[in-house]
Amino acid sequence: MPQFLTSRRLWEFVIKVVLDTSVFIAALLSKRRNSTPVLLLDKWRDRCFTLVMAPQLLRELVVQLMRKQIPQADIEDLVRLIAEIALHIKQLV
């Protein structure tokens, strides 16, 4: 790796994405494993891009998933994954 691409500099080249809660809902409700929302979450899990998550967005996501009656285990798995591999930003005002 070229010297100018240190780990800090490399971070600047990673694509950072904020996904709307509807993408997560569509992916979890999808019956097709090749739907766009499912493929987007697969790409995130494969670390093709970095998911950016704010506390407010995470709360909204959990509330919406519960409203759509997504199984509790699926919600917990998603929240755990977000906690592990998403880029967390501070509380927005």
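Me: Starting with arginine 45, what does its relative accessibility make it count as?
Reply: In this predicted model, arginine 45 has 35% relative accessibility and therefore counts as partly exposed.

Me: Which side chain does arginine 45 meet in a salt bridge?
Reply: The partner is aspartate 42, with a distance of 3.1 Å from N to O. Aspartate 42 has a relative accessibility of 30%, so this residue counts as partly exposed too.

Me: Where do those two sit?
Reply: Both belong to helix H3, which covers residues 36-45, and because they are 3 residues apart there, about one helical turn separates them.

Me: And how many salt bridges does the structure hold?
Reply: There are 2 salt bridges in the structure. Besides the pair in H3, aspartate 77 forms one with arginine 80, where the closest N and O atoms are 3.0 Å apart. These two residues lie in helix H5, again 3 residues apart, or about one turn of the helix.

Me: Are aspartate 77 and arginine 80 buried, exposed or in between, and what are the values?
Reply: Aspartate 77 is partly exposed, its relative accessible area being 43%, and arginine 80, at 44% relative accessibility, counts as partly exposed as well.

Me: Staying with H5, which of its residues are buried?
Reply: The buried residues of H5 are Ile75, Leu78, Ile82 and Ile85. Looking down the helix axis, one finds them within an arc of 125°, so they line one face of H5. The face turned away from that buried side carries the exposed residues Ala83 and Glu84.

Me: What do the buried ones pack against?
Reply: They pack against H2, H3, E2, H4 and E3.

Me: What span should H5 have, going by its residues?
Reply: At 1.5 Å a residue, its 14 residues should span 20 Å, and the end C-alpha atoms are indeed 20 Å apart, so the two values agree.

Me: OK, on to H4. Which residues are buried there?
Reply: In H4 the buried residues are Leu57, Leu61 and Leu65. Seen along the axis of H4, these fall within an arc of 70°, so they line one face of the helix. Their packing partners are helix H2 (21-29), strand E2 (50-53) and helix H5 (72-85).

Me: And what comes just after H4?
Reply: Glutamine 69 follows just after H4, and this residue takes a positive phi of about 60°.

Me: Changing topic, what is the strand order in the sheet?
Reply: The sheet is open and has 3 strands in the order E1-E2-E3, with parallel pairing. Its edge strands are E1 (16-17) and E3 (87-88), each of which pairs on one side only. Between E1 and E2 the parallel pairing runs over 2 bridges, and valine 17 stands opposite leucine 51 in E2.

Me: Which residues touch the most other members of the largest nonpolar core?
Reply: Of the 20 residues in that core, Phe24, Trp44, Leu51 and Ile82 touch the most other members. The elements giving two or more residues to this core are H2, H3, E2, H4 and H5.

Me: What is phenylalanine 24 in contact with, leaving aside its neighbours within four places in sequence?
Reply: Phenylalanine 24 is then in contact with Leu19, Leu41, Leu51, Met53, Leu61, Leu78 and Ile82. Among these contacts, Leu61 is one of the buried residues of H4, whereas Leu78 and Ile82 are among the buried residues of H5.

Conventions: Residues numbered from 1 in each chain as written. Predicted model: local features only at pLDDT ≥ 70, side-chain atom pairs only at ≥ 80, totals over all residues. Heavy atoms only, no water. Buried < 20%, exposed > 50% of the residue type's maximum accessible area, 1.4 Å probe, protein only. Helix = DSSP H or I, 4+ residues; strand = E, 2+ residues; numbered from the N terminus. Arc of directions from axis to C-beta. Contact = heavy atoms within 4.5 Å. Salt bridge = Lys/Arg side-chain N within 4 Å of Asp/Glu carboxyl O. Pairing = 2+ DSSP bridges. Expected span 1.5 Å × (residues − 1). Core = buried A, V, L, I, M, F, W, Y, C linked by side-chain atoms within 4.5 Å.
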